[in-house]
Amino acid sequence: MKNSDDKISRAMGVCKRLVSSFSYSWKKKRELEEAQKQLNLPQHALKTECPTRWGSRQAMVARILEQQKAIAQVLSNDRKQRHLYLSWQDIDVLEAVNKSLAPLVDFTDALSGEKYVSISLVKPTLHLFNNSVLKDQEDDTLLAKTIKHDILGYLNEKYSGSETQELLDMASALDPRFKLKYVDEDQKESIVSRVKLELRDARAPSAMVEAPSVTTVAPADTEDAAGTDVPSKKRKLLASFFKATPDQGAGPHLQEDQVISLEVQSYFQSETIDAEKDPMIWWRDAKAIYPRLSKLARKYLCIPATSSSSERVFSTSGNIVTCLRASLKPDHVNRLVFLAKNL
């Protein structure tokens, strides 16, 4: 493991020095463009790694591998730059890193979105990583397998907590694209019970209140002889004596529980929708069929899968509150950030 880390550190160090050398030399930039034209390579500039941006290391490695021949041609003309040459060992390391990290970039960008549901995608994504994307391939080198195992170990440990798993299972179950497909078999009944329990806890108090009895008013008794108003005399109808009182049983409670059970059962027995459809639009259209579940779905599906959205707000705030605008009041900052994010 330590040997692999040393190889990766050395290869990354060479890449950073290489990119830095081309970034600060106009002569090398011009020679790189000429070499790209001669070798029919894309006219792309080299990328550098940004410590605060995940995926920038893979982008740097991928660009260097793409421009490897052009870079070698430029460096061959200057003997003083031979220390920047990438050895075949470095190339093998970069290819292993790029092969292992490249599939994660698209998934990371998808989970970092703000304008669509993302929390319910975490459990399916982990399942896909473990069974397909990061699974060992026949042509994988030992280093590539080691990197994949390390990534899987980190991700599985990160989301292994019982509370985290319960949250992800609930979000996946309330997404009509997945439902219980990615929930463990031994947890399906528990998740269904949890959905019913939360619906019972969130039900309206009026559902547990007995309906008022029907009354009639005698017109002749509304006023006394002196003309003053007298409270209306209420008279129960015969049918009101057959209505169950709260002490005679849990009729309304049982009825509400039955409605919840039927609604949950109907939802989980229905077919899933296409994976590319928006679950929030589906819940909006199905609100009349699942009025209780639609509220619970909004509660869970609005949770972002990553902290990228809040980090973007921090970056926007940093661009607004500069050294020359450090006296802005908090209320004005909030309004400016809101406008910057929504215009």
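How many disulfides does the structure hold? The count is zero. The model is a predicted one, and the points below concern its cysteines, a nonpolar surface patch, and two charged residues placed in helices 2 and 5.

**Cysteines**
- No disulfides are present in the structure.
- Cys 15 has a relative accessibility of 0% and therefore counts as buried.
- Cys 50 counts as partly exposed because its relative accessibility is 31%.

**Nonpolar surface patch**
- Phe 338, Leu 339 and Leu 343 together make a nonpolar patch of about 380 Å² on the surface.
- Of these patch residues, Leu 343 is located in the segment that follows helix 14, which spans 330-342.
- Leu 343 counts as exposed, since its relative accessibility is 82% and the cut-off for this class is over 50%.

**Asp 90 in helix 5**
- Asp 90 belongs to helix 5, which covers residues 88-111.
- With a relative accessibility of 3%, Asp 90 counts as buried, as the class requires a value under 20%.
- When residues up to four places away in sequence are left aside, Asp 90 touches Arg 10, Ala 11, Val 14 and Tyr 85.

**Arg 30 in helix 2**
- Arg 30 is found in helix 2, made up of residues 26-39.
- The relative accessibility of Arg 30 is 41%, so this residue counts as partly exposed.
- Arg 30 and Val 74 are 44 residues apart along the chain, and their C-alpha atoms are separated by 9.6 Å.

Conventions:
Residues numbered from 1 in each chain as written. Predicted model: local features only at pLDDT ≥ 70, side-chain atom pairs only at ≥ 80, totals over all residues. Heavy atoms only, no water. Patch = residues over 30% accessible without salt bridge, like charges linked within 9 Å, V, L, I, M, F, W, Y side chains within 5 Å. Areas by Shrake-Rupley, 256 points an atom, 1.4 Å probe, with all protein chains shown as cover. Salt bridge = Lys/Arg side-chain N within 4 Å of Asp/Glu carboxyl O. Helix = DSSP H or I, 4+ residues; strand = E, 2+ residues; numbered from the N terminus. Buried < 20%, exposed > 50% of the residue type's maximum accessible area, 1.4 Å probe, protein only. Disulfide = S-S within 2.5 Å. Contact = heavy atoms within 4.5 Å.
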